[in-house]
Amino acid sequence: MAKNWWKVLTIALVLYTLWAGLMFQVPRLAILNETIRAMHFHVPMWFGMVILLLISVVYSIRYLAKPSDDLDTRAIEFANTGVLFGILGIITGMAWATFTWGEPWSNDPKQNAAAIGLLVYFAYFILRNALEDPQQKARISAIYNIFAFSVLIPILFILPRLTDSLHPGNGGNPGFNAYDLDSKLRLVFYPAVIAWTLLGVWMSTLRIRTKNLQTFLNDSEK
Amino acid sequence: MRNHPILALLKKEFLLEWRQKYALNGILLYVVGTVFICYLSFSGRGNSVGIPTWNALYWIILLFSALHAISKSFIQERAGRTLYYYSLASPIHIILAKLIYNSLLMLLLSFFALLVYATVLGNPIGDLGLFLLTLVLGSLGFAGAFTLLSGIVSKAGNNATLMAILSFPVILPFLLMVMKLSKNAIDGLDRASSFDEILVLISLNAITFALSLLLFPFLWRS
């Protein structure tokens with residue numbers, strides 16, 4: 001039980017985020033209005049995605065240094081959850097944009113960058129399925145994973161900064177600090193980031209355990 | 001006289017290309033053919049193509065030519081011979097020779113494409129110096145990114161679809177930067193205003209080349 005304290009923390013934080021994110025007072029702002037609450041559900045998806053993909057890359061690097069099936073499983077499952085977070089991030093962002101920018105997709109550089117980033121990782125999954133030999137699959141997808149992550153970072157963090165974005169905090173739009181004069185948003189936002197990221201880690205570990213059990217069962221059948 | 005391994009490998013690449021002239025001629029003809037299709041698709045009125053279209057079309061032609069030219073870089077050798085090279089030379093030397101050779105090939109290809117393209121579709125370029133710099137940076141970027149990816153794809157049975165889906169998202173941010181820079185060059189903007197893009201392109205190039213050098217030794221072992 002002592003090992004599982006972080007799962008209890010995850011449940012508590014997620015419940016807190018759901019409750020506080022929807023019920024707390026938020027600053028009254030033109031255009032944004034109540035949609036500012038999306039910040040507790042949309043922005044943490046990107047934090048979670050980058051952290052989960054980073055974990056995946058670390059496992060890929062470790063795989064190349066010292067190959068083992070377990071490291072490969074970890075790399076792919078963390079990438080899976082990371083991409084799931086990315087998809088949720090795009091969907092929540094589009095829902096939010098419909099109400100604030102007037103349309104779900106408005107050629108915003110950050111939206112485009114996020115879509116390109118997801119394409120990079122979809123290609124990763126296809127590459128994995130194209131390779132048959134399990135060891136070759138693991139090594140080559142580890143190589144591509146490292147390559148993909150190194151490309152993802154400039155896509156997400158450098159390119160959108162070079163042009164004006166409609167996103168809050170970019171292109172002259174006021175960001176977090178300007179809205180959050182009384183630090184009330186922070187009180188929900190930071191726990192939300194931790195909550196969703198931990199939930200992602202938990203999901204990944206569950207998938208890893210299922211996969212390991214499956215391989216174990218397959219091996220014992222032989 | 002003892003040659004440096006990189007020089008010897010480069011010489012081998014050139015010899016191979018020279019002996020199989022059809023490959024190089026094929027790529028050059030591919031460029032001419034594509035340019036001509038574009039020209040006729042605009043009903044032969046070269047000057048009626050707007051500047052943004054001219055720019056986008058040029059880079060898209062170059063993208064596809066690059067994909068064809070470079071994706072063959074690990075196929076043209078038979079498996080047995082590849083093994084022989086690998087037993088003779090270190091992987092770093094092999095990938096360096098491939099990178100240098102592909103960069104030169106891309107430079108040749110992009111200048112040739114510009115020549116044909118500008119002759120047929122008109123030449124709106126305002127600042128030729130900056131445009132040529134963009135060409136050099138773009139060619140290096142294509143070569144850097146596609147060389148490693150073609151190595152990856154050659155392990156997965158040289159699937160053309162796989163090459164395209166792996167390289168398009170990876171090259172997209174690069175392509176956007178290059179298009180922006182070349183648009184500045186065509187409009188003849190003050191060079192100081194393109195400084196940011198040049199810097200980003202150089203750093204993206206550095207990242208892809210460094211990654212290729214780092215990751216290739218793991219790739220060729222299989």
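Contact here means heavy atoms within 4.5 Å, and in this predicted model that cut-off is the one to set in the viewer before following the stops below.

**Chain A: H3 and H8**

Begin by selecting H3(A) and H8(A), whose axes come within 9 Å and cross at roughly 140°, so that the two helices are oblique to each other, in a crossing that is right-handed. On the H3(A) side, show A:Asp70, A:Thr73, A:Arg74, A:Ile76, A:Glu77, A:Phe78, A:Asn80, A:Thr81, A:Leu84 and A:Phe85, which meet A:Trp196, A:Gly200, A:Val201, A:Met203, A:Ser204, A:Arg207, A:Ile208, A:Lys211 and A:Asn212 of H8(A).

Staying with helix H8 (residues 184-221) of chain A, select A:Arg186, which is found in that helix and which, at 24% relative accessibility, counts as partly exposed. If A:His40 is then added to the selection, the C-alpha atoms of A:Arg186 and A:His40 prove to be 9.4 Å apart in space, although the two are 146 residues apart in sequence.

**Chain A: H3 and H4**

Keep helix H3 (residues 69-100) of chain A displayed and add helix H4 (residues 109-130) of chain A, since these two pack at an angle of about 150° with their axes 10 Å apart. Because angles over 145 degrees count as such, H3(A) is roughly antiparallel to H4(A), and their crossing is left-handed. Among the residues of H3(A) in this contact are A:Ala75, A:Ala79, A:Val83, A:Gly86 and A:Ile90, while those of H4(A) include A:Ala114, A:Leu118, A:Tyr121, A:Phe122 and A:Phe125.

**Chain B: H6 and H8**

Move next to chain B and select helix H6 (residues 128-155) together with helix H8 (residues 195-220), whose axes come within 10 Å and cross at roughly 20°, which makes H6(B) roughly parallel to H8(B). H6(B) passes H8(B) in a left-handed crossing, and the contact is made by residues including B:Leu137, B:Gly141, B:Gly144, B:Ala145 and B:Leu148 of H6(B) and B:Ile202, B:Asn205, B:Phe209, B:Ser212 and B:Phe216 of H8(B).

**Chain B: H1**

For the last stop, select helix H1 (residues 5-19) of chain B, where 15 residues at 1.5 Å a residue should span 21 Å, a value with which the 21 Å between the end C-alpha atoms agrees. Which residues of H1(B) are buried? They are B:Ile6, B:Leu9, B:Leu10, B:Lys12, B:Glu13, B:Leu16 and B:Glu17, and because they cover an arc of only 155° around the axis, they lie on the same side of H1(B). Turn to the other side of H1(B), where B:Leu7, B:Lys11, B:Trp18 and B:Arg19 are exposed.

Definitions and conventions
Residues numbered from 1 in each chain as written. Chains lettered and ligands numbered in written order. Predicted model: local features only at pLDDT ≥ 70, side-chain atom pairs only at ≥ 80, totals over all residues. Heavy atoms only, no water. Helix = DSSP H or I, 4+ residues; strand = E, 2+ residues; numbered from the N terminus. Expected span 1.5 Å × (residues − 1). Buried < 20%, exposed > 50% of the residue type's maximum accessible area, 1.4 Å probe, protein only. Arc of directions from axis to C-beta. Axes fitted to C-alpha atoms, helices over the stretch in contact; angles between N-to-C directions. Parallel < 35°, antiparallel > 145°, perpendicular 65-115°, else oblique. Left-handed = near helix turned anticlockwise from the far one by under 90°.
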